[in-house]
Amino acid sequence: MVERGDLVTLHEPFCNLDDYGETDVEGRVFHSPAELLVWLRTETRGARVFLKDATDRRHEEVLSDREFLAEARHAFLIRSPEEIAASWYAVEPDLQVGHIGLEALFELYSAVHAAGGRHPVVIDSDDLVERPEATMRAYCEAVDLPFMPEALAWDPVDRFEWRRTARWHADVAASSGFQPRAQAYACTVDNSPEMARIAAHHRPFYEKLHARRLVVANQ
């Protein structure tokens, strides 16, 4: 979405506010979720804004802002809880049940629906890496964006936006596009009962979201 060049892009602003007490958007600094939400709702009418965030914690201000929930066009990228657990543990061994994020994601999905918003677009990560062009074309159609096939490739680079959390972005910083890649993790649900317990907690939420996923035609 950054590679497109026609969007104002925000990288994990609510996580930044939680972790660092501030976030910046093109040189403008915000110090609270409420301040950011007001800006998003009132000062971006003439711009297309793409905001990416994580759900390893609940964002109460977002969940309670019915106007934002109803007016924004939401999209959720999902991955199996077993894969999330293993990949999280590989970077941060202090894995807790909330870190998987799928329960919070389903809560957000339900909050959007309750606020009268359009059903969020749910994208399965397997579709994205196995059929990137078809998936992104379908996503763009769903949210009324022009599809730009040239944005499916980019130069590997460490970006300014994730300078504070670079260790979580090592793979994407080394990438140049979407492609399947086998990962071998030392600790998985197959050899860790605690990881299996945590993943099992989130499996029902994953299955509910997966059932609502964007149907992508074969290329």
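In this predicted model, Leu36 is in contact with Leu10, Pro13, Phe14, Leu17, Thr23 and Phe30, when residues up to four places away in sequence are not counted. Leu36 is also, together with Leu102 and Leu209, one of the residues that touch the most other members of the largest nonpolar core, a set of 36 residues. At least two residues of this core come from each of several elements, including those tabulated here.

| Element supplying at least two core residues | Residues |
|---|---|
| Strand 1 | 8-11 |
| Helix 1 | 13-20 |
| Helix 2 | 33-42 |
| Helix 4 | 66-71 |
| Strand 5 | 75-78 |
| Helix 5 | 81-91 |

Helix 6 and helix 10 likewise each supply at least two residues, and helix 6 gives the most to this core, with 7 residues. A second, separate core of 13 residues has Leu128, Tyr139, Val143 and Leu152 among its members.

Helix 6 (residues 102-114) and helix 10 (residues 193-210) also pack against each other, their axes coming within 8 Å and crossing at roughly 40°. Because angles under 35 degrees count as roughly parallel and those from 65 to 115 as roughly perpendicular, the two helices, helix 6 and helix 10, are therefore oblique to each other, and their crossing is left-handed. On the side of helix 6 the contact is made by Leu102, Glu103, Leu105, Phe106 and Tyr109, which meet His201, His202, Phe205, Tyr206, Lys208 and Leu209 in helix 10. The residues of this contact comprise 7 nonpolar, 2 polar and 2 charged. Leu102 and Leu209 take part in this helix contact and are also listed, with Leu36, as touching the most other members of the largest nonpolar core.

Definitions and conventions:
Residues numbered from 1 in each chain as written. Predicted model: local features only at pLDDT ≥ 70, side-chain atom pairs only at ≥ 80, totals over all residues. Heavy atoms only, no water. Axes fitted to C-alpha atoms, helices over the stretch in contact; angles between N-to-C directions. Helix = DSSP H or I, 4+ residues; strand = E, 2+ residues; numbered from the N terminus. Parallel < 35°, antiparallel > 145°, perpendicular 65-115°, else oblique. Left-handed = near helix turned anticlockwise from the far one by under 90°. Contact = heavy atoms within 4.5 Å. Nonpolar A, V, L, I, M, F, W, Y, C, P; charged D, E, K, R; others polar. Core = buried A, V, L, I, M, F, W, Y, C linked by side-chain atoms within 4.5 Å. Buried < 20%, exposed > 50% of the residue type's maximum accessible area, 1.4 Å probe, protein only.
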